[in-house]
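Open the model in your viewer and keep the selection tool at hand. The tour moves from the whole chain to single residues.

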Amino acid sequence: MVQSDALASYAVRVENSRGRRYPEAPHPYRNDYQRDRDRIIHARSFRRLENKTQVFTTRVSDHFRTRLTHTIEVAQISRTIASVLHLNEDLVETLALVHDIGHPPFGHSGEKELDKLMRKHGLRFDHNLHALRIVEDFELRYAQFRGLNLTFEVREGIIKHSHDYSPAEYPELAEYLLDSRPPLEAQLIDLTDEIGYTTADMDDGFEARMLKVEQIRLKVRLFERHYLEAERKYPTAQPKLKFNEALKRMLNEMVTDLIENTSRRVRDSGVRTLEDVRRHPERLVAFSPNLEEERLEAKRYLYENLYLSAPLRPEKLDGERVVGDMFNHWLTRPEALPTSYQRKAEKEPLARVVCDYIAGMTDNYIIEQHKKLDRAAKR
């Protein structure tokens, strides 16, 4: 358990939590953020991350990351950094574990397609806001209330960790202090996510033989610097082991830079309290300018040579087609929806209900549903 006297003065303290939507008696052995963490781990939406795309949809390997393994890696990185910065580790770990549960099947291509379809109906899809709907409404585990009844700070972090929402554009989110910065614990998650997927996706791309060491060395200075170190220290090592060493050192530099630069920014800002953090004109968790430039260079490389590459384009187009076909199917035939979603459609726009249904699916499940639709069409 995180001890309050070990926390920085501007860290979130669980004893000062704004609480849950539905009051509950305290637990004798776990604080509220630990309970939130455990509720997320036991949630169905968390388990479904095992079969949701991180990078690859149809390329099969026991070694490629899924949304679930990526989430676990981000939680580990986040907790380490939070410990060094004397932030609330329990809150940070909880936010890391919940940060991706709103993602639909087929990763970012699925999200892009759902948002495109929703905009035709004057609505939109945002995975952070969908995650909030999951923990507030869709998870049904308790007789006392719908959802997981998470603390305010976790719900706030779900929507604000990576994006600032306009109070004028999102009045329904007014309770989440949209005119204030999120706590450092929430700010941290956006950049630990960047560290996690930058290094992991490079690893998976190399494992899939879509990325070549020579090419990475030419295009990603952050990797090249550490690959040279690995070659000097281990000149006779196998190429794969040199690659692993370079990637490990690259991750370590990003973590170290984030810790040191954030510490410096916090110190220079003069913040002393959580309210100071909330009122600060900009987010304080950040990489140094040089490292941020190199991180963006690595990100551009991954987009150009992996995420948007020609070999993966058919997978992405297939994913978008499947999402589009199933969305239009249930929109025109709502009676084919599960009974619970048909009831929801009596109170909410049908497009939103169909979107919610699809967004909760794993890659495998929506592909199975699409095959059934194809078979029915051929009869």
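## The whole chain

Of the 379 residues of the chain, 53% count as buried. This is a predicted model. Colour by secondary structure: the chain shows 17 helices and zero strands. Now hide the side chains and look at the C-alpha trace. Along its principal axes the trace spans about 65 × 50 × 40 Å. The radius of gyration is 22 Å, which agrees with the value near 21 Å for a compact globule of 379 residues.

Turn on contacts next. Of those between residues at least 6 apart in sequence, 72% join residues at least 24 apart. Then show the surface. Its accessible area is about 18,200 Å², and carbon and sulfur atoms hold 50% of that. Colour by charge to finish the overview. The chain carries 62 positive and 63 negative charges, and the mean positions of the two sets are 3 Å apart.

## Stop 1: serine 17 and helix 1

Select serine 17. Its place is in the segment before helix 1, which covers 32–41. A polar atom of the serine 17 side chain lies 2.9 Å from the backbone nitrogen of glycine 19. Beyond its neighbours within four places in sequence, serine 17 is in contact with Tyr33, Thr151 and Glu153.

Tyr33 leads into helix 1, where it is one of the buried residues. Select asparagine 31. This residue caps the N-terminal end of helix 1, with a side-chain oxygen 2.9 Å from the backbone nitrogen of tyrosine 33.

Now select the whole helix. Is helix 1 largely enclosed by the rest of the structure or largely open? Eight of its 10 residues are buried, so helix 1 is largely enclosed. The buried set includes charged side chains to display, among them Arg35, Asp36, Arg37, Asp38 and Arg39. To see the cover, add helix 2 (44–47), helix 3 (67–85), helix 4 (89–98) and helix 7 (152–160), which are included in what lies over these buried residues.

## Stop 2: helix 4

Keep helix 4 on screen. Nine of its 10 residues are buried, and the helix is mostly covered. The buried run is Asp90, Leu91, Val92, Glu93, Thr94, Leu95, Ala96, Leu97 and Val98.

What do the buried residues of helix 4 pack against? Helix 1, helix 2, helix 3, helix 6 (127–138), helix 7 and helix 8 (184–207) are the partners. Zoom in on the N-terminal end. Asparagine 88 caps helix 4 there: a side-chain oxygen is 3.2 Å from the backbone nitrogen of aspartate 90.

## Stop 3: phenylalanine 106 and serine 109

Follow the chain out of helix 4. Phenylalanine 106 has its place in the loop between helix 4 and helix 5. Check the backbone torsions. Most residues other than glycine have a negative phi. Phenylalanine 106, not a glycine, has a positive phi of about 70 degrees. Its relative accessibility is 4%, so phenylalanine 106 counts as buried.

Move on to serine 109, in helix 5 (residues 107–119). Serine 109 has a relative accessible area of 7% and is buried. Apart from neighbours within four places in sequence, it is in contact with Lys316 and Glu320.

## Stop 4: arginine 209

Jump to the loop between helix 8 and helix 9 (213–219), where arginine 209 lies. Its phi is also positive, near 65 degrees, in a residue other than glycine. Is arginine 209 buried or exposed? At a relative accessible area of 69%, arginine 209 is exposed.

## Stop 5: tyrosine 307

Select tyrosine 307 in helix 13 (residues 289–307). With 11% relative accessibility, tyrosine 307 counts as buried. Add aspartate 201. A polar contact of 2.6 Å joins the side chains of tyrosine 307 and aspartate 201. Then add glycine 205. Its C-alpha atom is 9.4 Å from that of tyrosine 307, and the two residues are 102 residues apart along the chain.

## Stop 6: methionine 361

End in the loop between helix 16 (350–359) and helix 17 (363–378), which holds methionine 361. At 3% relative accessibility, methionine 361 counts as buried. Which residues is methionine 361 in contact with, leaving aside its neighbours within four places in sequence? Show Lys52, Pro104, Pro105, Trp330 and Ile366. For a last distance, pick proline 23. The C-alpha atoms of proline 23 and methionine 361 are separated by 31 Å, with their positions 338 residues apart along the chain.

Conventions: Residues are numbered from 1 along each chain as its sequence is written. This is a predicted model: local features need pLDDT of at least 70, side-chain atom pairs count only at pLDDT 80 or more; totals for chains, interfaces and linings use all residues. Side-chain values use heavy atoms; hydrogens and water are left out. Helices (H or I, at least four residues) and strands (E, at least two) are DSSP runs, numbered from the N terminus. The radius of gyration is taken over C-alpha atoms; the globule rule is 2.2 Å times the number of residues to the power 0.38. Buried means under 20% relative accessible area, exposed over 50%, partly exposed in between (1.4 Å probe, protein chains only). Contact means heavy atoms within 4.5 Å. Accessible areas come from the Shrake-Rupley method with a 1.4 Å probe; for residues, only the protein chains shown count as cover. The place of a charge is taken as NZ of Lys, CZ of Arg, CG of Asp or CD of Glu. A polar contact is a pair of N or O atoms within 3.5 Å; within protein, one must be able to donate a hydrogen and the other to accept it, and residues adjacent in sequence count only if both atoms are side-chain atoms.
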